[in-house]
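Please open the structure in your viewer and keep the selection panel at hand. The tour below goes from one selection to the next and says what is found at each stop.

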Amino acid sequence: MLTVRAPATSANLGSGFDVFGVALGTPADVIRVERAPETRITVTGAGSQYIPEDPDQNTVGAVADALDAPAHIKIDKGIRPSSGLGSSAASAAGAAVALNALYDRGLSREELVPIAAKGEAIVSGEAHADNVAPSILGGFTIVTDDGVTQVDTSISVVACLPETTVSTRDARGVVPGSASLDDVVTTVGNASTLTVGMTRDDPDLVGRGMNDSIVTPQRTALIDGYDRVHEAALEAGATGVTVSGAGPGVLAVCHDRDQNAIAGAMIDAFDSVDIESRAYQTHVSEGARLYPDRS
Ligand SMILES: Nc1ncnc2c1ncn2[C@@H]1O[C@H](COP(=O)(O)OP(=O)(O)O)[C@@H](O)[C@H]1O
Ligand SMILES: N[C@@H](CCOP(=O)(O)O)C(=O)O
């Protein structure tokens, strides 16, 4: 039996749609794997009643198939599904790391990224790797067709999750098919600023680089109360605020000293439109952690 803790992630960060992602300190999924003649999945924890245990419909089933690593896989969900914190991706990332070790496949963490992304294709229709990459590698990740670039950073963030859900598949349906050159130029500038901010552990630069006028405005329309939460977080000191992944979670980047005030302001703003929420005050953190076999 092997155990892996796989962290939640926040993808896009505004200007890096389908490219940027960060691993969060909390929450996380815990995945336990044991060799078995065929794959069997059990799911407990946050939102488990909405998560199929059929290996053909669960992200970890696709990973077990891709690694030819049948197993009894127990998923204890710490990350609520469809909230914009890469819940389905964390399970896939954790399973990839665990099964690679369980079956001595010898793949590097980078090589596990496209394998874990196969799980994402099951739920969102596309094998986007911007959540699985940071969940496996930790820190800030940049995913392109040529591979993954990873930067260690510990930027302070608040992720506020309303008690509503948005499926990634639905949120991908509102993404525009094209963009104007002006918008592309602005977004490239913002994404570059954000990247430099990550390399310098500078929340001001990261926040400045989060603005995006192409995808985010379409997505915020799907989140009740978004504008109020965005404004409240900025007023409380956030250096940048955007939709976390496909939403409805909202991500604020900040200095450590402002975390508490921002978390309170975001919860109050959702509350002002009668939506309950919870806020994780955390940092960009390490990737999936494998625990030694204790059996
Ligand atoms: N291991 C898993 N963990 C979480 N959700 C899963 C898993 N396997 C399949 N799903 C399905 O994926 C969907 C959630 O994924 P998605 O919409 O991408 O949101 P999230 O950002 O939380 O991953 C739900 O319909 C859920 O049933
Ligand atoms: N790039 C994807 C990220 C989806 O993240 P999730 O945490 O909402 O699954 C997208 O924006 O569609």
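## Where the domains meet

Begin with the contact between the two domains of this predicted model: 25 residues of domain 1 are in contact with 32 residues of domain 2. To set up the view, colour residues 2-151 together with 284-291 as domain 1, and residues 156-282 as domain 2. The centres of the two domains, taken over C-alpha atoms, are separated by 22 Å.

Now select the side of domain 1 that touches domain 2, where strand E1 (2-11), strand E2 (20-35) and H3 each supply at least two residues. The element that gives the most to this side is E2, with four residues. If you colour that side of domain 1 by residue class, you will find ten nonpolar, 14 polar and one charged residues.

## Ligand 2

Select ligand 2 next, with the 15 residues around it, of which Ala11, Gly86, Thr168, Gly245 and Ala246 come nearest. Both domain 1 and domain 2 give residues to the shell around ligand 2, so ligand 2 lies between them. Helix H5, residues 168-172, gives the most to this shell, with three residues. By class, the shell around ligand 2 is made up of five nonpolar, seven polar and three charged residues.

## Ligand 1

Move on to ligand 1 and display the 21 residues that surround it, the closest being Ser87, Ser88, Ser91, Val123 and Thr168. Which helices should be shown along with the shell around ligand 1? Helix H1 (59-66), helix H2 (87-102) and helix H3 (109-124) each supply at least two residues of that shell, and H2 gives the most, with four residues. Domain 1 and domain 2 each contribute at least three residues to the shell around ligand 1. Coloured by class, this shell shows eight nonpolar and 13 polar residues, and no charged ones.

## Gly119 in helix H3

Stay with helix H3 and select Gly119, which has its place there. Is Gly119 buried or exposed? Gly119 is buried, because 28 other C-beta atoms lie within 10 Å, where 20 or more are needed for a residue to count as buried. Leaving aside residues up to four places away in sequence, Gly119 touches Thr59, Val60, Ala62, Val63, Ser88 and Ala92. A distance label is useful for one of these, since the C-alpha atoms of Gly119 and Ser88 are separated by 7.8 Å although the two residues are 31 residues apart along the chain.

## The sheet E8-E9-E7-E10

For the last stop, select the four strands that form an open sheet with antiparallel pairing, in the order E8-E9-E7-E10. Strand E8 (240-243) and strand E10 (277-283) each have a single partner strand and stand at the edges, so one side of each is left without a neighbour in the sheet. On average, and with direction ignored, neighbouring strands of this sheet are turned by 20° against each other.

Within the sheet, follow strand E7 (residues 156-162), which pairs with E10 in the antiparallel sense over seven bridges; Val157 stands opposite Thr282 in E10. Then add helix H9 (residues 226-235), which packs on the sheet and touches E7, E8 and strand E9 (250-254), with its direction making about 10° with that of E9. Finally, add helix H10 (residues 259-271), which also packs on the sheet and touches E7, E9 and E10, the direction of H10 making about 20° with that of E7.

Terms used
Residues numbered from 1 in each chain as written. Chains lettered and ligands numbered in written order. Predicted model: local features only at pLDDT ≥ 70, side-chain atom pairs only at ≥ 80, totals over all residues. Near = placed C-beta within 6 Å. Nonpolar A, V, L, I, M, F, W, Y, C, P; charged D, E, K, R; others polar. Domains from an automatic or database assignment. Pairing = 2+ DSSP bridges. Axes fitted to C-alpha atoms, helices over the stretch in contact; angles between N-to-C directions. Contact = placed C-beta atoms within 7 Å. Buried ≥ 20, exposed ≤ 12 C-beta atoms within 10 Å, placed from the backbone.
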